[in-house]
Amino acid sequence: MNEEQRLSIGEVKPAIANKEEKDYSQYFQTVYEPPSLKKARRRGGEEVSYFDDFEIDERFKGMGNGRKFYIRTYGCQMNEHDTEVMAGIFSALGYEATTTVDDADVILLNTCAIRENAENKVFGELGHLKPLKQRNPELVIGVCGCMSQEESVVNKILQTYDQVDMIFGTHNIHRLPNILTEAYLSKEMVVEVWSKEGDIIENLPKVRHGDIKAWVNIMYGCDKFCTYCIVPYTRGKERSRRPEDIIQEVRHLAAQGYQEITLLGQNVNAYGKDFDDLNYRLADLMDDLRYIDIPRVRFTTSHPWDFEDELIEVLAKGGNLVEHIHLPVQSGSSSILKIMGRTYTRESYIELVEKIRKAIPDVALTTDIIVGFPNETDEQFEETLTLFEEMKFEMAFTYIYSPRDGTPAARMEDNIPMDVKKERLQRLNKVVNKYAAKAMDKYEGEIVEVLVEGESKKNDEVLSGYTRKNKLVNFKAPKSVIGKLVKVKVTVARTWSLNGEFLHVVEREEVMN
Ligand code: SAH
Ligand code: SF4
Ligand code: F3S
């Protein structure tokens with residue numbers, strides 16, 4: 001993309017903010033807009049542009065020679081994958097990766113804004129990095145990711161974290177070489193956050209984490225606007241990658257020997273809805289991916305809203321499509337779901353699960369739950385517990401509601417004290433653990449297929465990997481099986497993992513049947 005094209009996108013101008021200034025608002029007028037539900041809801045008028053010719057500009061090549069970069073990633077897989085892209089850009093510029101902040105020349109914090117404690121971790125880390133910067137003024141510290149898309153965060157950093165040299169958002173990571181150059185040249189904090197909702201840029205370089213499992217973005221952004229959630233503001237509007245680009249990427253990964261791919265999107269079921277020239281949805285994509293010689297294909301995350309029958313039919317075909325679905329429910333109370341803006345009820349969620357279970361009888365279902373949504377009553381919370389018991393989820397991520405600036409829920413009065421919310425979380429987690437353990441128990445004595453990822457984190461004598469349903473399995477076997485699919489006989493089931501005995505490596509033909 002050349003300079004002219006970039007500017008023609010509109011609203012896209014870099015800004016440099018002076019750390020000494022007190023009134024920073026002028027810097028945001030063209031490059032930055034605070035999360036605004038009203039504005040965001042009017043989204044859609046702007047065209048999404050595709051760029052498939054990304055190249056590192058000649059003038060930047062070699063700028064990293066002799067320099068090292070370090071990226072710390074917070075948040076979801078989307079962020080992890082963005083980190084892989086940024087690592088790819090750093091490498092293309094000549095930088096070398098390092099695993100400690102102490103010998104890094106550039107440190108990037110790829111941040112998450114989903115809950116307050118996620119943000120606090122980042123502010124804490126910035127505090128820890130200050131002495132490093134004082135010792136080494138040449139060090140460049142950058143903040144990127146979802147927090148950078150929030151006006152309050154950018155202001156706070158400008159005012160109190162002068163160790164930071166650059167801030168950039170989620171829509172312009174491909175501008176990293178330009179932003180870095182500006183950070184080197186300028187004594188001032190470089191802020192480049194685009195209010196533009198995002199384009200699709202193909203051919204970005206990537207350095208993937210590992211060579212066994214890979215992430216593949218299929219869409220970006222979110223248009224669901226659940227009333228508690230910041231993501232639609234930090235990630236822009238829903239936009240899907242073209243099927244041919246995705247299929248080509250997966251084929252390429254298969255050829256490189258990857259064994260598992262996870263398709264990524266905030267709401268993958270909305271995939272393709274934004275195409276106006278093509279009738280091609282997630283079901284079609286999954287159906288096409290079945291023919292690629294890669295043993296496992298997953299996706300995350302599905303919103304119950306767009307989960308269509310065609311998708312269930314395709315998933316039921318099995319093969320490399322695994323029988324695990326992460327289907328966040330958030331609450332078991334229809335009235336809370338309504339205020340959350342989730343668009344389904346307790347009953348329609350149950351109906352959907354029944355349909356899925358009928359088509360894929362041995363499916364493993366996992367979920368996300370928020371407790372302590374504003375004014376959630378004891379009875380409404382109990383409904384979440386009973387739904388959990390009814391659905392028998394095999395695992396759940398559970399959270400206490402955290403108000404996010406600029407979202408509708410943050411403006412709701414809340415009369416539930418924090419200690420009540422904490423107690424609810426504890427009660428819920430007990431139920432979660434009970435059903436997780438139950439789901440594991442049934443594996444005792446069974447033979448499972450495991451994709452071996454490496455040595456166990458706790459014991460390097462032991463190898464570990466995951467089953468198709470994402471159960472962690474530990475067992476002893478020669479290191480040569482790392483990266484392969486193996487059969488393991490389960491001897492002991494724990495709540496969150498299985499121990500077993502290695503049987504044999506799975507032959508290729510077996511995998512594809
Ligand atoms: N797109 C996914 C969720 C991504 S965020 C989906 O809709 O299913 C991951 C999880 O974080 C959500 O499912 C929700 O449970 C939780 N979450 C999001 N916003 C939150 C908030 N403000 N407070 C607490 N938890 C939140
Ligand atoms: Fe957030 Fe809802 Fe979008 Fe998920 S679907 S990212 S919870 S707004
Ligand atoms: Fe966090 Fe952004 Fe992901 S807010 S959960 S990193 S999309």
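Start by selecting Phe-225, which lies in the loop between strand 11 (219–220) and helix 8 (231–235). The model on screen is predicted. Check the backbone of Phe-225: its phi is near 50°, a positive value in a residue other than glycine. Most residues other than glycine have a negative phi.

Keep Phe-225 selected and add ligand 2. Phe-225 is one of the residues surrounding this ligand, together with Cys-222, Lys-224, Cys-226, Tyr-228, Cys-229, Val-231, Pro-232, Gln-266, His-303 and Arg-342. Colour this shell by class and you should find 7 nonpolar, 2 polar and 2 charged residues.

Next, select Tyr-228, listed above in the shell of ligand 2, and show ligand 1. A backbone N or O atom of Tyr-228 lies 3.0 Å from a nitrogen atom of ligand 1. Two further polar pairs can be picked out here. At Asp-368, a polar side-chain atom is 2.6 Å from an oxygen atom of the ligand. At Ser-402, a polar backbone atom lies 2.8 Å from a nitrogen atom of ligand 1.

How much of ligand 1 does the protein bury? Taken alone, the ligand exposes 550 Å², and the protein buries 91% of that. To see which elements contribute, select strand 16 (364–371) and strand 17 (395–400); these are the elements that give two or more residues to the shell around ligand 1.

Now display the whole shell of ligand 1. There are 15 residues around the ligand, and Gln-266, Pro-328, Gln-330, Asp-368 and Ser-402 come nearest. By class, the shell consists of 7 nonpolar, 4 polar and 4 charged residues.

Gln-266 leads on to ligand 3. Select that ligand and its surroundings: Cys-76, Asn-79, Cys-112, Ala-113, Ile-114, Cys-146, Arg-235 and Gln-266. This shell divides into 5 nonpolar residues, 2 polar and 1 charged. Gln-266 also appears in the list for ligand 2 and among the residues that come nearest to ligand 1.

From Asn-79, move to the helix pair. Two packed helices are described by the angle between their axes and the distance between the axes. Select helix 4 (residues 77–92) and helix 7 (residues 176–185), which pack at an angle of about 65°, with their axes 10 Å apart. Their crossing is right-handed. Which residues meet here? From helix 4 come Met-86, Ile-89 and Phe-90; from helix 7 come Leu-176, Pro-177 and Leu-180. The contact has 6 nonpolar residues, no polar and no charged.

Finish at Thr-300 and Thr-301. A cis peptide bond joins these two residues, with omega about 0°. Most peptide bonds are trans. To place the bond in the chain, note that Thr-301 is found in the loop between strand 14 (296–300) and helix 11 (309–315).

Methods: Residues numbered from 1 in each chain as written. Chains lettered and ligands numbered in written order. Predicted model: local features only at pLDDT ≥ 70, side-chain atom pairs only at ≥ 80, totals over all residues. Heavy atoms only, no water. Near = heavy atom within 4 Å. Polar contact = N/O pair within 3.5 Å; in protein donor to acceptor, adjacent residues only side chain to side chain. Areas by Shrake-Rupley, 256 points an atom, 1.4 Å probe, with all protein chains shown as cover. Helix = DSSP H or I, 4+ residues; strand = E, 2+ residues; numbered from the N terminus. Nonpolar A, V, L, I, M, F, W, Y, C, P; charged D, E, K, R; others polar. Axes fitted to C-alpha atoms, helices over the stretch in contact; angles between N-to-C directions. Left-handed = near helix turned anticlockwise from the far one by under 90°. Contact = heavy atoms within 4.5 Å.
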